[in-house]
Amino acid sequence: MNTRIIPGAALNRRGLLQTLAGSIVLLGGGLLWQPMAFSAEEAVRLPAPVLDLPATGPSPQRAIFAGGCFWGVQGVFQHVKGVQRAVSGYSGGAASTASYELVSRGNTGHAESVEITFDPTQVSYGKLLQIFFSVVHDPTQLNRQGPDTGTQYRSAIFTTSPAQLKTAQAYVAQLDAARLYPKPIVTRLEDKASFYPAELYHQDFLTENPRHPYIVFNDIPKVNSLKRLFPDSYRSEPVLVKKTRP
């Protein structure tokens with residue numbers, strides 16, 4: 001039995017008091033977490049994209065992915081070699097509504113997203129796509145991811161160039177044709193690559209809160225799957241936002 005005080009800003013995050021993975025009760029101003037039996041869904045390494053972008057052009061480059069709670073998406077990509085920066089934020093809506101309080105209502109058009117800055121000579125856009133579909137999330141869940149529901153948790157790729165859009169379209173078609181999922185892929189390809197960084201307390205959340213119940217049950221298994229399925233792409237030390245801020 002472990003006791004952990006959760007920051008107030010994240011207290012009501014993801015229906016924390018109703019998590020399916022364990023029971024949580026208030027105790028003395030903190031949270032008492034009582035772990036229960038849990039079996040995370042196994043990730044599977046998918047085939048690499050047949051069509052990929054060459055390791056040329058300006059460096060660094062940008063990619064934006066949305067796959068449910070940005071804590072886990074950020075946490076996985078921070079452990080990928082060649083990723084120089086991974087920032088949690090909001091994409092798909094207006095700047096005026098790019099805040100956690102508003103986005104959580106589910107009517108802003110935003111999705112919780114992660115902007116990735118990467119060196120294409122070390123990790124290709126196609127490799128990032130492969131990791132996104134293999135490890136980061138379930139692309140067959142419509143407007144939800146695990147315990148989180150709403151359009152703000154949709155599976156989406158916000159492409160930053162026509163070449164990225166073509167590559168992402170080709171990979172989704174490749175996966176669909178291979179029938180690797182029991183249900184159709186519902187990932188949206190959105191070519192309006194707006195991005196607004198999330199509040200500072202959301203950044204590096206997985207690294208700073210490894211015993212947070214939501215992280216333990218939903219996100220740590222994703223990082224472990226990255227290490228197991230993509231050992232050549234895994235880096236043990238994450239690249240953190242707060243340590244790289246100017």
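These exercises work through ring pairs, a sheet and helices in a predicted model.

Residues are numbered from 1 along each chain as its sequence is written. Local features need pLDDT of at least 70, side-chain atom pairs count only at pLDDT 80 or more, and totals for chains, interfaces and linings use all residues, while side-chain values use heavy atoms, with hydrogens and water left out.

**Exercise 1. Classify the ring pair of Trp 71 and Phe 205, and place both residues in the chain.**

Step 1. Take the rule: rings of Phe, Tyr and Trp (its six-membered ring) pair if their centres lie within 6.5 Å; planes under 30 degrees apart count as stacked, over 60 as edge-to-face and the rest as tilted. The count by this rule is eight aromatic pairs.

Step 2. Apply it. The centres of Trp 71 and Phe 205 are 3.8 Å apart and the planes are at 5°, a stacked pair.

Step 3. Locate the residues. Trp 71 lies in helix H1 (residues 70-77) and Phe 205 in helix H5 (residues 205-208), 134 residues apart. Helices (H or I, at least four residues) and strands (E, at least two) are DSSP runs, numbered from the N terminus.

Step 4. Check burial (buried: under 20% relative accessible area, exposed: over 50%, partly exposed: in between; 1.4 Å probe, protein chains only). Trp 71 is buried at 0%. Phe 205 is buried at 2%.

**Exercise 2. Classify the pair Phe 132 and Phe 133, then find its cluster.**

Step 1. The ring centres are 5.2 Å apart and the planes stand at 75°, so this pair is edge-to-face.

Step 2. Both Phe 132 and Phe 133 are buried.

Step 3. Ring pairs link these two with Phe 65, Phe 77, Tyr 125 and Tyr 171 into a cluster.

**Exercise 3. Give the strand order of the open sheet and name its edges.**

Step 1. Two strands pair if DSSP finds at least two bridges between them.

Step 2. Six strands follow the order S10-S9-S4-S6-S5-S11, with mixed pairing.

Step 3. Strand S10 (188-190) and strand S11 (196-197) are the edges; each pairs on one side only.

Step 4. Inside the sheet, S5 (residues 83-91) and S6 (residues 111-118) run antiparallel, joined by eight bridges. Gly 89 stands opposite Ser 113 in S6.

**Exercise 4. Compare the span of helix H6 with the expected value, and locate its kink.**

Step 1. The expected span is 1.5 Å times one less than the number of residues.

Step 2. H6 (residues 213-229) has 17 residues and reaches 24 Å from first C-alpha to last, close to the 24 Å expected.

Step 3. The bend at a residue is the angle between axes fitted to the seven residues ending there and the seven starting there. A kink of about 40° lies at Asp 219, shortly before Pro 221.

Step 4. The buried residues of H6 include Phe 217, Asp 219 and Leu 226.
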